[in-house]
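Got your viewer open? Load the model, pick a cartoon view, and get ready to select a few things along the way.

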Amino acid sequence: MRSVNPSYSPYFWLSLVAAGNALLPSISSQVLAVGFITALTAGFEQNAIIWMGIACSCYLRWRAIRAFQLRSGSPHSSLAQGIYQKQHLMCLLLALLLVIPSATLSWLICALAAILWRVNSRLKSSDFSAAVLMIALALREPVSQLSLSLFAEQILGFDSFLSSLLLNGETDTALMGNIIVSNNFNLLILTGCSAFNNASLALLLWLSLCLLLHHKTTAADSWRVIILLLLVVLTNSLRLSLMTWSIEDYQYFHRGTGATAFNDFSTLLPLLCTNWRITTCRQTH
């Protein structure tokens with residue numbers, strides 16, 4: 001029998017390494033293109049919600065460890081040697097797969113490590129929340145890619161249909177698949193313009209805030225998620241409809257100040273749909 005720290009989890013560290021490995025290609029390309037300082041200030045061209053999710057997961061785990069140490073008076077307890085070695089062996093086998101240059105594979109390994117971290121955790125509350133958040137963060141990219149690959153026609157068709165509804169007051173507006181045909185400008189909607197990407201990031205931000213405040217989600221949060229998804233979809237459809245007015249409007253709302261304003265507004269939507277009352281949901285550590 002060996003005295004080890006039950007707050008130490010090799011699966012937690014593996015999930016962090018795998019997440020870093022998944023982000024490494026884009027980080028490296030940005031550093032080589034514009035230099036480290038410029039790339040750093042731009043967040044290495046990664047959405048800030050991704051970095052926030054990782055930071056929140058680490059903070060929740062730190063809080064769980066801190067609570068455990070204060071409660072037990074000592075960070076050490078007895079753990080079976082066989083279980084301890086088994087976890088490290090599993091981590092080693094999964095870590096070897098990280099040499100394969102695939103961001104998707106790295107995200108899947110991150111998700112699997114977080115699941116094992118969640119199952120084998122000897123801590124409670126915040127540590128479970130930290131693992132759940134890492135699972136959601138890791139699965140967002142692979143699930144989004146798979147969904148857009150399998151259901152791209154249906155997703156883009158829905159975006160086009162909803163955007164065209166907002167243009168019904170304009171004459172000579174027609175819908176051809178994922179192309180909105182108007183008397184001013186024809187808009188081809190591609191996967192990068194779909195509300196699906198915005199919705200996945202909005203849900204990740206909402207989950208980060210929810211777990212950070214309450215450590216869990218409840219059935220009462222379901223209506224908040226529904227409202228959030230509706231607001232994100234409607235906001236994106238409004239932006240797409242405005243892009244059809246003219247080539248100038250397309251440039252303004254696609255890459256210009258209008259696009260920035262809509263992106264900032266989309267980031268605020270999860271804040272509006274978050275339960276900020278922490279007194280009724282606070283847990284005892």
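Which residue forms a salt bridge with Arg-61? Select Arg-61 and look for its partner: Asp-127, with the closest N and O atoms 2.6 Å apart. Keep in mind that this is a predicted model.

**Stop 1: the Arg-61 pair**

Color the helices and you'll see that Arg-61 sits in helix 3 while Asp-127 sits in helix 6. The two are 66 residues apart, so this bridge ties together distant parts of the chain. Switch on a surface and try to find them: both Arg-61 and Asp-127 are buried.

**Stop 2: zoom out**

Now show the whole chain. You're looking at eleven helices and five strands. Of its 285 residues, 42% count as buried. If you draw the contacts between residues at least 6 apart in sequence, 72% of them join residues at least 24 apart. With the surface on, the chain exposes about 15100 Å², and carbon and sulfur atoms supply 66% of that.

**Stop 3: the other salt bridges**

How many salt bridges does the structure hold? There are three, and you've already met the one between Arg-61 and Asp-127.

Next, select Arg-140 and Glu-141. They form a salt bridge whose closest N and O atoms are 3.0 Å apart. Is Arg-140 buried or exposed? Its relative accessibility is 16%, and buried means under 20%, so Arg-140 counts as buried. Glu-141, at a relative accessible area of 26%, is partly exposed.

Then jump to Arg-224 and Asp-221. Here the closest N and O atoms of the salt bridge are 2.8 Å apart. Arg-224 counts as buried at 14% relative accessibility, and Asp-221 does too, at 6%.

**Stop 4: around Arg-140**

Go back to Arg-140, which you'll find in helix 6. Show what surrounds it: leaving aside residues up to four places away in sequence, Arg-140 touches Ile-50, Ser-200, Leu-201 and Leu-204. Try a distance label from Arg-140 to Leu-201: their C-alpha atoms are separated by 8.1 Å, though the two residues are 61 apart along the chain.

**Stop 5: the largest nonpolar core**

In soluble globular proteins, nonpolar side chains tend to be buried together. To see the largest nonpolar core here, start with Trp-107, Cys-110, Trp-117 and Leu-228, which touch the most other members among its 47 residues. Helices 1, 3, 4, 5, 6, 8 and 9 each supply at least two residues of this core. Which helix gives the largest share? That's helix 8, with ten residues.

Center on Leu-228 for a closer look. Not counting residues up to four places away in sequence, Leu-228 touches Ala-202, Leu-203, Trp-206, Leu-269, Pro-270 and Cys-273. There's also a second, separate core of eleven residues; to find it, select some of its members, including Leu-156, Leu-240, Leu-242 and Phe-262.

**Stop 6: helix 5**

Select helix 5. Its 18 residues should span 26 Å at 1.5 Å a residue, and the end C-alpha atoms are 25 Å apart, which agrees. Color its buried residues, among them Ser-106, Trp-107, Ile-109, Cys-110 and Trp-117.

**Stop 7: helix 7**

Move on to residues 152-165, which make up helix 7. This helix has 14 residues and reaches 20 Å from its first C-alpha to its last, close to the expected 20 Å. Its buried residues are Ile-155, Leu-156, Asp-159, Ser-160, Leu-162, Ser-163 and Ser-164. What covers the buried residues of helix 7? Show helix 6, strand 3, strand 4, helix 8 and helix 9, which are all included in that cover.

**Stop 8: a loop and a patch**

Select His-215, in the loop between helix 8 and helix 9. Check the backbone angles: His-215 has a positive phi of about 70°, although it is not a glycine. His-215 counts as buried, at 10% relative accessibility.

For the last stop, turn the surface back on and select Leu-89, Leu-92, Leu-93 and Leu-96. These leucines form a nonpolar surface patch with about 390 Å² of accessible area together. To get your bearings, note that Leu-96 lies in helix 4.

Note on methods. Residues numbered from 1 in each chain as written. Predicted model: local features only at pLDDT ≥ 70, side-chain atom pairs only at ≥ 80, totals over all residues. Heavy atoms only, no water. Helix = DSSP H or I, 4+ residues; strand = E, 2+ residues; numbered from the N terminus. Expected span 1.5 Å × (residues − 1). Buried < 20%, exposed > 50% of the residue type's maximum accessible area, 1.4 Å probe, protein only. Contact = heavy atoms within 4.5 Å. Core = buried A, V, L, I, M, F, W, Y, C linked by side-chain atoms within 4.5 Å. Patch = residues over 30% accessible without salt bridge, like charges linked within 9 Å, V, L, I, M, F, W, Y side chains within 5 Å. Areas by Shrake-Rupley, 256 points an atom, 1.4 Å probe, with all protein chains shown as cover. Salt bridge = Lys/Arg side-chain N within 4 Å of Asp/Glu carboxyl O.
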